[in-house]
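Work through the exercises below with the model open. Each task is followed by a solution in steps.

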Amino acid sequence: MIEPLPRLSDRHFRAIAELVEQQVGIRLPENKRLMLEGRLQKRVRMLGYGDINEYVDHLFDDDHFDTELIHLIDCVTTNKTDFFREPFHFDFLREIAVPELLRRARGRPLKIWSAACSTGMEAYTIAIVLDDMQRTGGASFQFRILGTDISTGVLQLAEEGIYTKEMIAPVPDAMAKRYFLSSKDKSRSEVRIVPELRRSVAFMRMNLMDAVYPVDRDVDVIFCRNVLIYFDKPTQSKVVERLCSHLRPGGYLIVGHSESMIQNQSIKMKQLQPTIFKV
């Protein structure tokens with residue numbers, strides 16, 4: 001039986017909470033302390049520390065800070081995602097956004113950015129919808145999808161594109177058969193995104209708290225769902241402003257159902273639906 005590690009001291013908890021809010025914009029109130037301790041235990045043991053407070057001291061050591069910060073962020077960030085999550089967004093993409101964008105595209109590829117993409121399910125859902133539009137609707141167009149996230153762990157999973165069969169339950173059967181390959185090892189209940197669809201999606205580590213985003217400034221649609229709620233109002237406003245600066249005129253910003261009231265007075269955004277904005 002694995003013995004529990006000593007509790008995180010008040011001083012060390014405050015130090016991590018301040019660091020996480022500064023670096024990622026996520027607040028860790030006192031009621032998140034047990035969650036933080038639980039998520040850090042595996043990392044602490046892997047590095048050979050017997051005390052979680054000793055690990056925090058190690059974290060702030062100049063020789064370790066830059067490399068260990070990435071692992072800390074992986075531990076504290078939440079990566080809830082599903083295929084076809086909030087499905088009406090993908091209906092809007094298929095029925096309204098893409099047809100309108102194609103009329104103005106003049107042959108150029110559509111660019112869609114999945115910010116806070118987690119394990120890639122959102123980005124691959126977008127790719128499935130766009131590819132299916134071409135197959136079933138007779139349209140012919142190119143598209144490029146970018147998925148970004150602050151967590152290196154989830155990005156690695158996204159690039160691999162391997163999921164359990166339970167994870168793809170929300171995918172319609174016909175799409176599941178077309179866009180997923182079953183494992184040759186029948187004992188493993190896993191599937192993988194088909195290669196041609198994986199090639200249509202690029203993944204990159206990026207922090208929404210950064211002042212500059214290394215992303216094209218002519219993106220057609222940005223999905224940034226269920227992440228802004230973790231930021232305070234001033235940070236939300238700055239992030240929305242930076243995101244919208246990467247949209248071409250007439251582009252769309254799609255947020256999560258808990259973020260429908262997010263507005264930014266410095267940007268002219270038209271709210272088409274509770275969670276869909278047009279610049």
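**Exercise 1. A threonine in a loop**

Task: Decide whether Thr 78 is buried, partly exposed or exposed, then place Thr 78 in the chain and list its contacts beyond four places in sequence.

Solution. The model is a predicted one. Step 1: Thr 78 has a relative accessible area of 45%. The partly exposed class lies between 20% and 50%, so Thr 78 is partly exposed. Step 2: Thr 78 belongs to the loop that joins H4 and H5. Step 3: once neighbours within four places in sequence are set aside, Thr 78 contacts Arg 39 and Tyr 230. Step 4: Thr 78 and Val 227 are 149 residues apart along the chain, yet their C-alpha atoms are separated by 9.1 Å.

**Exercise 2. Positive phi outside glycine**

Task: Find the phi of Phe 84 and of Ala 116, and assign each residue to its loop and its accessibility class.

Solution. Step 1: most residues other than glycine have a negative phi. Step 2: the phi of Phe 84 is near 55°, a positive value in a residue that is not glycine. Step 3: Phe 84 sits in the loop between helix H4 (65–76) and H5. Its relative accessible area is 15%, and buried means under 20%, so Phe 84 is buried. Step 4: Ala 116 also has a positive phi, near 55°. Step 5: Ala 116 is located in the loop between E1 and H6. With a relative accessible area of 26%, Ala 116 is partly exposed.

**Exercise 3. Two threonines and their contacts**

Task: Determine for Thr 119 and Thr 152 the element or loop, the accessibility class and the contacts, leaving out residues up to four places away in sequence.

Solution. Step 1: Thr 119 lies in the loop between strand E1 (110–115) and helix H6 (121–137). Step 2: its relative accessibility is 12%, so Thr 119 counts as buried. Step 3: Thr 119 touches Thr 81, Val 154, Leu 157, Ala 158 and Tyr 163. Step 4: Thr 152 is part of helix H7 (residues 152–160). Step 5: Thr 152, at 30% relative accessibility, counts as partly exposed. Step 6: the residues touched by Thr 152 are Ile 70, Asp 74 and Arg 205. Step 7: between Thr 152 and Ser 118 there is a sequence separation of 34 residues and a C-alpha to C-alpha distance of 9.4 Å.

**Exercise 4. Packing of H1 and H3**

Task: Describe how H1 and H3 pack, class the angle and give the handedness of the crossing.

Solution. Step 1: two packed helices are described by the angle between their axes and the distance between the axes. Step 2: helix H1 (residues 10–24) and helix H3 (residues 52–59) have axes 10 Å apart, at an angle of about 45°. Step 3: H1 and H3 are therefore oblique to each other. Step 4: their crossing is left-handed. Step 5: H1 contributes Arg 11, His 12, Ile 16 and Leu 19 to the contact, and H3 contributes Asn 53, Val 56, Asp 57 and Leu 59. Step 6: sorted by class, the contact of H1 with H3 has four nonpolar, two polar and two charged residues.

**Exercise 5. Packing of H5 and H6**

Task: Repeat the analysis for H5 and H6, and class the residues of their contact.

Solution. Step 1: helix H5 (residues 88–105) packs with H6 at an angle of about 55°, and the axes are 10 Å apart. Step 2: that angle makes H5 oblique to H6. Step 3: the crossing of H5 and H6 is right-handed. Step 4: on the H5 side the contact has Phe 90, Leu 93, Arg 94, Val 98 and Pro 99. On the H6 side are Glu 122, Thr 125, Ile 126, Val 129, Leu 130, Asp 132, Met 133 and Thr 136. Step 5: the contact of H5 with H6 comprises eight nonpolar, two polar and three charged residues.

**Exercise 6. Cysteines**

Task: State how many disulfides the structure holds, and examine Cys 75 and Cys 224.

Solution. Step 1: the number of disulfides is zero. Step 2: for Cys 75 the nearest cysteine sulfur is that of Cys 117, 18 Å away; a disulfide needs sulfur atoms within 2.5 Å. Step 3: Cys 75 is buried, at a relative accessible area of 15%. Step 4: Cys 224 is likewise in no disulfide, and the nearest cysteine sulfur, that of Cys 244, is 9.8 Å away. Step 5: Cys 224 is buried, with a relative accessible area of 0%.

Notes. Residues numbered from 1 in each chain as written. Predicted model: local features only at pLDDT ≥ 70, side-chain atom pairs only at ≥ 80, totals over all residues. Heavy atoms only, no water. Buried < 20%, exposed > 50% of the residue type's maximum accessible area, 1.4 Å probe, protein only. Axes fitted to C-alpha atoms, helices over the stretch in contact; angles between N-to-C directions. Helix = DSSP H or I, 4+ residues; strand = E, 2+ residues; numbered from the N terminus. Parallel < 35°, antiparallel > 145°, perpendicular 65-115°, else oblique. Left-handed = near helix turned anticlockwise from the far one by under 90°. Contact = heavy atoms within 4.5 Å. Nonpolar A, V, L, I, M, F, W, Y, C, P; charged D, E, K, R; others polar.
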